[in-house]
Amino acid sequence: MSHKDTLIDLLIHDLTGPISVVLTSTNNLLKKEAKYGPYNDYQKEALSRVLRNARKAKVLIEEMVEVLKSEEGAFRKGQISVGTLVYEVLRDALEMTRPDVAELIAGAEGEGELAKILNQHGIFVELSGKYAWSLFCHDERKMRQIILNLATNALKYGGDRVVLSVSGEDELFLSIEDNGAGISEKEQEGAFGRFRELHSGKDKGAQPGGFGFGLSCVKKLVEAMKGTITLSSLEGAGTCFTVRIPPL
């Protein structure tokens with residue numbers, strides 16, 4: 001067994017198991033307060049924080065696994081409803097970044113009601129072109145990881161308006177645009193580097209944008225799928241990531 005195979009086994013079996021236990025146990029504590037509680041505000045917030053960070057850890061592991069598999073040329077070919085996938089991923093992204101909004105949409109019935117609630121909180125989904133109605137052929141897990149990473153970044157650091165657009169007639173185009181402080185031209189040069197810490201334009205001293213490992217993974221996944229990812233941003237005028245992926 002190669003070193004890479006050993007690493008994949010470690011990620012899948014030895015790390016995802018304990019994290020799943022943490023997720024399930026914490027979620028049960030929060031959902032069954034009548035049985036285990038009552039909790040004070042501090043306890044509720046502490047449990048919610050554990051849940052959010054366990055979800056982040058699980059997402060990171062899944063992301064690394066997909067990158068490792070893509071480097072081996074491993075793809076699961078399937079038919080994807082891109083619009084449905086986008087809304088599903090937004091739910092997951094909101095759980096990690098805006099739990100108050102995630103709670104509001106938890107009981108939403110259908111994409112119409114879901115979109116209405118999202119719009120009220122500055123989050124918009126625009127579907128056009130062939131894949132607004134037709135299925136897209138590719139690896140759903142890799143698509144999910146790409147959208148989740150970009151959506152999470154935009155929701156966390158992108159101001160009060162986020163627009164996720166789907167378009168394309170043959171190749172699929174996904175763009176995620178926000179009205180945040182933007183990224184300086186100098187920072188953009190290394191945006192997709194591993195462990196590269198990004199700062200938004202206006203709050204450079206106050207709010208780091210993370211270590212960039214997610215963006216490097218996104219780039220690897222997109223390129224393994226024979227696609228491209230581009231970044232456009234102006235300080236004070238927001239950021240837009242655009243992904244192009246041909247069908248498998």
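## Report on a predicted protein model

Gly 112, Lys 116 and Gln 120 are exposed on the other side of helix H6 from its buried residues Leu 114, Ala 115, Ile 117 and Leu 118. Buried means under 20% relative accessible area, exposed over 50%, and partly exposed in between, with a 1.4 Å probe and protein chains only.

This is a predicted model, in which local features need pLDDT of at least 70 and side-chain atom pairs count only at pLDDT 80 or more, while totals for chains, interfaces and linings use all residues. Residues are numbered from 1 along each chain as its sequence is written, and side-chain values use heavy atoms, with hydrogens and water left out.

**The whole protein**

The protein has 9 helices and 7 strands. Both are DSSP runs numbered from the N terminus: helices (H or I) have at least four residues, strands (E) at least two. Of its 248 residues, 43% count as buried. Contacts (heavy atoms within 4.5 Å) can link residues that lie apart in sequence. Among those with a separation of 6 or more, 67% join residues 24 or more positions apart.

**Helix H6**

H6 runs over residues 110-120. Why do Leu 114, Ala 115, Ile 117 and Leu 118 lie on the same side of H6? They cover an arc of only 165° around the axis, so they share that side. The arc is taken from the directions that lead from the helix axis to the C-beta atoms. What covers these buried residues? The cover includes helix H4 (82-97), helix H5 (99-105) and strand E2 (123-127). Just after H6 comes Gly 122, with a positive phi of about 75°.

**Residues compared**

The table gives the place and exposure of three residues.

| Residue | Place | Relative accessible area | State |
|---|---|---|---|
| Thr 26 | helix H1 (residues 3-31) | 6% | buried |
| Gly 168 | loop between strand E4 (162-167) and E5 | 14% | buried |
| Lys 226 | loop between helix H9 (213-224) and strand E6 (228-233) | 64% | exposed |

Which residues does Thr 26 touch, leaving aside its neighbours within four places in sequence? Thr 26 is in contact with Leu 47, Val 50 and Leu 51.

Gly 168 gets the same treatment, with neighbours within four places left aside. Its contacts are Ser 128, Gly 129, Lys 130, Tyr 131 and Phe 173. Gly 168 and Arg 244 are 76 residues apart in sequence, yet their C-alpha atoms are 8.9 Å apart in space.

Lys 226 has a phi near 65°. That is a positive value in a residue other than glycine.

**Thr 97 in helix H4**

Thr 97 belongs to H4. Its side chain reaches the backbone oxygen of Ala 93 at 2.8 Å. This is a polar contact: a pair of N or O atoms within 3.5 Å; within protein, one must be able to donate a hydrogen and the other to accept it, and residues adjacent in sequence count only if both atoms are side-chain atoms. Beyond its neighbours within four places in sequence, Thr 97 is in contact with Thr 152, Leu 155 and Lys 156. The C-alpha atoms of Thr 97 and Ala 154 are separated by 9.7 Å, and these positions lie 57 residues apart in the chain count.

**Empty space**

Rolling a probe the size of a water molecule over the atoms shows where empty space is left. The search uses a 1 Å grid over the protein atoms alone. A cavity is a set of points where a 1.4 Å probe fits but cannot get out. A pocket is an open set with protein on both sides within 12 Å along at least five of seven lines. Lining residues have an atom within 4 Å of a point. Grid points are joined across faces, edges and corners, and a volume is the space filled by probe spheres set on the points.

How many cavities of 30 Å³ or more are there? The count is 1. The largest cavity holds about 40 Å³ of space. Its lining is Ile 146, Ile 147, Leu 150, Leu 174, Ser 175, Ile 176, Phe 241 and Val 243. Helix H7 (140-157), strand E5 (172-178) and strand E7 (239-245) each supply at least two of these residues. The lining has 7 nonpolar residues, 1 polar and no charged. Here Ala, Val, Leu, Ile, Met, Phe, Trp, Tyr, Cys and Pro count as nonpolar, Asp, Glu, Lys and Arg as charged, and the others, Gly among them, as polar.

The second largest pocket has a volume of about 470 Å³. Of the 17 residues that line it, Leu 30, Lys 31, Ser 48, Pro 99 and Glu 103 are the closest to its centre. H1, helix H3 (41-71) and H5 each give at least two lining residues. H3 gives the most, with 6. By class, this lining has 7 nonpolar, 2 polar and 8 charged residues.
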